Amino acid sequence: MSVTHLTAHPSRRPVPAFRGRIGRDARSGHYAVPRRYRIHLSTACPGGLRIAVAHRLLALDDICPVTFLPAVPDGPDGGHTVLRPLYEASMHHYSGPALEPVLSDDWSGRIVSTHAPDIMRDLARHFGDGRADLYPCGAESVVQSVERLCSEGIDGAAQRAGRPDATEAERAAAVDELDAALASAEQLVGAGPHVTGQSPTAADIELWTALVRLDTVQRNHLDADAVRRAAAHRVLWDYARALTAHPAFGAHLDLAGIDRRHRAGCRGLEAAGAAVRILDWAAYAGSSPAHDTRPDDC
């Protein structure tokens, strides 16, 4: 299975402060032991949403507990104050924001990793135990290609298309790139029901999260024509709709939290596409998750 490789652009995802990995034995330092590790995440954050879905698919509640964080960080630097002790214990004189997601080691009280793709891979590799095959043998290159397609083609192009300081030509080029990326993604899911076969994998988690972000966040800054072109990929949105109905996906879709987080940190202009919703996510996700119940006052 092939993926169209798009022109590379810098990723908009934050550079992770920690890149530790879970190994197979004591020589690795962080080796796999049930209930040794804890995940701290917000499902309003794309990285946290990916991990939450993977965690649910792998059925890891009794092996690696999750602490859910509020949708909107409460720190003045954009971080979560509750994570500050972990960051300071893990790096002397740490001065950056205490961002999520975080994989922490309860034995040492320190952070293992803040890199969502590594955290997902380590959970699947060391704790999956046949529950779900998120990285099927021979499909790693497909997963990596989908990650790039989503980061550079969908997320990156949508951000450039919605930039308030973009020229008309820049915006048009970005919309064309977004349309091409969605077309490539639609080819991947055309045979269905999932990117690499009959069961959801990390590639599906990545693509679904990118589509959620496109319709719930980036749509607000796209003009009506750009949204119309994105919505025209009906096979792709039917795929997103079906995944949203899956308990592992829809149960973690905190639409109100995503909206609060976006409005709290966004400085862009609302465009004509804001009123044109592509998918009625709530209708397929069921009841919203209960882990973020703060009032909508951010």
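Here are some questions and answers about this predicted model.

Q: What is the order of the strands in the open sheet?
A: Let's begin with what holds a sheet together. Strands of a sheet pair through backbone hydrogen bonds, either parallel or antiparallel. This open sheet has four strands and mixed pairing. Reading across the sheet, the order is 2-1-3-4.

Q: Which strands are the edge strands?
A: In the order 2-1-3-4, look for the strands that pair on one side only. They are strand 2 (66-68) and strand 4.

Q: By how many degrees are neighbouring strands of this sheet turned against each other on average?
A: Direction is ignored for this value. The average turn between neighbouring strands of the sheet is 35°.

Q: In strand 2, which residue is the bridge partner of His40?
A: Strand 1, which covers residues 37-41, pairs with strand 2 in the parallel sense over three bridges. Follow the bridge from His40 into strand 2 and you arrive at Thr67.

Q: Which residue in strand 3 stands opposite His40?
A: Now turn to the pairing of strand 1 with strand 3, which is antiparallel and runs over four bridges. His40 stands opposite a residue of strand 3, and that residue is Val102.

Q: Are Val102, Leu103, Ser104 and Asp105 in strand 3 buried or exposed?
A: Take the two faces of strand 3 in turn. Val102 and Ser104 lie on one side, with Leu103 and Asp105 on the other. Both faces are covered, and all of these residues are buried.

Q: Which residue in the turn between strand 3 and strand 4 has a positive phi?
A: Strand 3 and strand 4 (residues 110-113) pair in the antiparallel sense over three bridges, and Asp105 stands opposite Arg110. The two strands form a hairpin with four residues between them. In that turn, the residue with a positive phi of about 70° is Gly109.

Q: To which side-chain partner does Arg19 make a polar contact of 2.6 Å?
A: Arg19 sits in the segment before strand 1, yet its C-alpha atom is 6.9 Å from that of Val112, 93 residues apart along the chain. Its contacts beyond four places in sequence are Val112, Ser113, His115 and Asp118. The side chain of His115 makes a polar contact of 3.4 Å with that of Arg19. The contact of 2.6 Å goes to the side chain of Asp118.

Q: Why does Arg19 count as partly exposed?
A: Partly exposed covers the range between buried, under 20% relative accessible area, and exposed, over 50%. Arg19 falls in that range because its relative accessibility is 48%.

Q: Are the axes of helix 4 and helix 6 roughly parallel or roughly antiparallel?
A: The axes of helix 4 (residues 140-161) and helix 6 (residues 202-216) come within 9 Å and cross at roughly 5°. Angles under 35 degrees count as roughly parallel. Therefore helix 4 and helix 6 are roughly parallel.

Q: Is Cys150 buried or exposed?
A: Cys150 is among the helix 4 residues that meet helix 6. For comparison, Cys137 counts as exposed because its relative accessibility is 84%. Cys150 has a relative accessible area of 1%, so it is buried.

Q: How many disulfides are found in the whole structure?
A: A disulfide needs a pair of cysteine sulfur atoms within 2.5 Å. A search of the whole structure gives a count of zero.

How values were computed
Residues numbered from 1 in each chain as written. Predicted model: local features only at pLDDT ≥ 70, side-chain atom pairs only at ≥ 80, totals over all residues. Heavy atoms only, no water. Buried < 20%, exposed > 50% of the residue type's maximum accessible area, 1.4 Å probe, protein only. Pairing = 2+ DSSP bridges. Axes fitted to C-alpha atoms, helices over the stretch in contact; angles between N-to-C directions. Contact = heavy atoms within 4.5 Å. Polar contact = N/O pair within 3.5 Å; in protein donor to acceptor, adjacent residues only side chain to side chain. Parallel < 35°, antiparallel > 145°, perpendicular 65-115°, else oblique.
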